Amino acid sequence: TIPNMAWIPCGTFTMGSPSSEPARYSDEGPQTQVTISQGFWMGKYLVTQADYLAVVGSNPSFFTAANGYGTDLSRPVEQVSWNDAVAYCAALTAREQAAGRLPAGWVYRLPTEAEWEYACRAGTTTPFHYGNELRSGMANFYGIFEYPPCGGSTYYCSNPSGIYLGRTTSVGSYAPNAWGLYDMHGNVSELCRDWYGAYPGGSVTDPMGPASGSLRVVRGGRWSFAALNCRSAVRSGSGYPLDRENDVGFRVVLAPGQP
């Protein structure tokens, strides 16, 4: 057992959403059968401001005391670019290798998009690992706009008294999924290893995404998103490698192979 890491077993799942899923986007298909051939460890929590500070020596986050948000370093680090996240993983790997805490050949890295969705779903096929609904208070999102859509809306169900914090919250503040992972549907979106591109369809094993591109995949919901954009299948290509946003962070995977 590794502290603050959850073991994700190997297995097969359906990546993407069915055409019947309300408010889905076209890039969530074609649904693709994905086999994850090797189990891996994944951070139970988003990388926190404290984690990042301990490895890198600085805290780039917006939600800090300097901006009037207090000194809670258990909030996720944000305002990190894809390049920053990759550098963090490399530095963490080097530190843990030097301390003799890693098996030979194992590295910390960002999850692939397929690993991320597989881990998020944790065996579920519903829009959220929680089930078919995301209601205010279940995660840190724009809780005025819940899911599934209702009242004639195509995209949301309005809840005028829904919770909208407008900021990050301490990691682990909401219920985890069946595999012990927290904040997969809110708080900050998560940078993934892959370039953004179309799904292949059919059946694939351990997909890595396109060989090149201009945008990195960003997954999961965030504090500024309505519920529909927090679904397990939602994918974003908004991650230019140098972008830094106060609602985007990351979590790490520990597995054998290349960083």
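How many bridges pair S5 with strand S13 (residues 253–256), and in which sense do the two strands run? In this predicted model, S5 and S13 are joined by four bridges, and the pairing is antiparallel. One of the matched pairs puts Val107 opposite Ala255 of S13.

Stepping back, these two strands belong to an open sheet of four, laid out in the order S1-S4-S13-S5 with antiparallel pairing. Strand S1 (5–8) and strand S5 (106–109) sit at the edges with a single partner strand each, so one side of each has no neighbour in the sheet. Ignoring direction, neighbouring strands here are turned by 30 degrees against each other on average. Helix H3 (residues 113–121) lies across S1, strand S4 (40–43), S5 and S13, and it runs at about 75 degrees to S4.

Next comes the inside of the protein. The largest nonpolar core has 22 residues, and Tyr88, Tyr108, Leu191, Phe250 and Val252 have the most contacts inside it. Helix H1 (49–56), helix H2 (82–98) and S5 each chip in at least two residues, with H2 giving the most, namely five. Tyr108 keeps plenty of company: leaving aside neighbours within four places in sequence, its contacts include Met5, Cys89, Leu92, Glu96 and Val252. Apart from this core lies another one, of 20 residues, including Ala114, Met184, Val217 and Val253.

H1 is worth a look of its own. Gln49, Tyr52 and Val55 are its buried residues to note; they cover an arc of only 140 degrees around the axis, so they fall on the same side of H1. This fits a general pattern: an α-helix has 3.6 residues a turn, so residues three or four places apart point the same way. H2 is part of what covers the buried residues of H1. Right after H1 comes Gly57, with a positive phi near 90 degrees.

Then there are the backbone oddities. Most residues other than glycine have a negative phi, and most peptide bonds are trans. Ala23, in the loop between S2 and S3, goes against this with a positive phi near 65 degrees; its relative accessibility is 12%, so Ala23 counts as buried. Ala122, in the loop between H3 and S6, has a positive phi of about 50 degrees and is buried too, at 9% relative accessible area. As for peptide bonds, Gly29 and Pro30 are joined by a cis one with omega about 0 degrees, and Pro30 lies in the loop between strand S2 (11–15) and strand S3 (32–36). The bond from Tyr147 to Pro148 is also cis, with omega near 10 degrees.

How values were computed
Residues numbered from 1 in each chain as written. Predicted model: local features only at pLDDT ≥ 70, side-chain atom pairs only at ≥ 80, totals over all residues. Heavy atoms only, no water. Pairing = 2+ DSSP bridges. Axes fitted to C-alpha atoms, helices over the stretch in contact; angles between N-to-C directions. Contact = heavy atoms within 4.5 Å. Core = buried A, V, L, I, M, F, W, Y, C linked by side-chain atoms within 4.5 Å. Buried < 20%, exposed > 50% of the residue type's maximum accessible area, 1.4 Å probe, protein only. Arc of directions from axis to C-beta.
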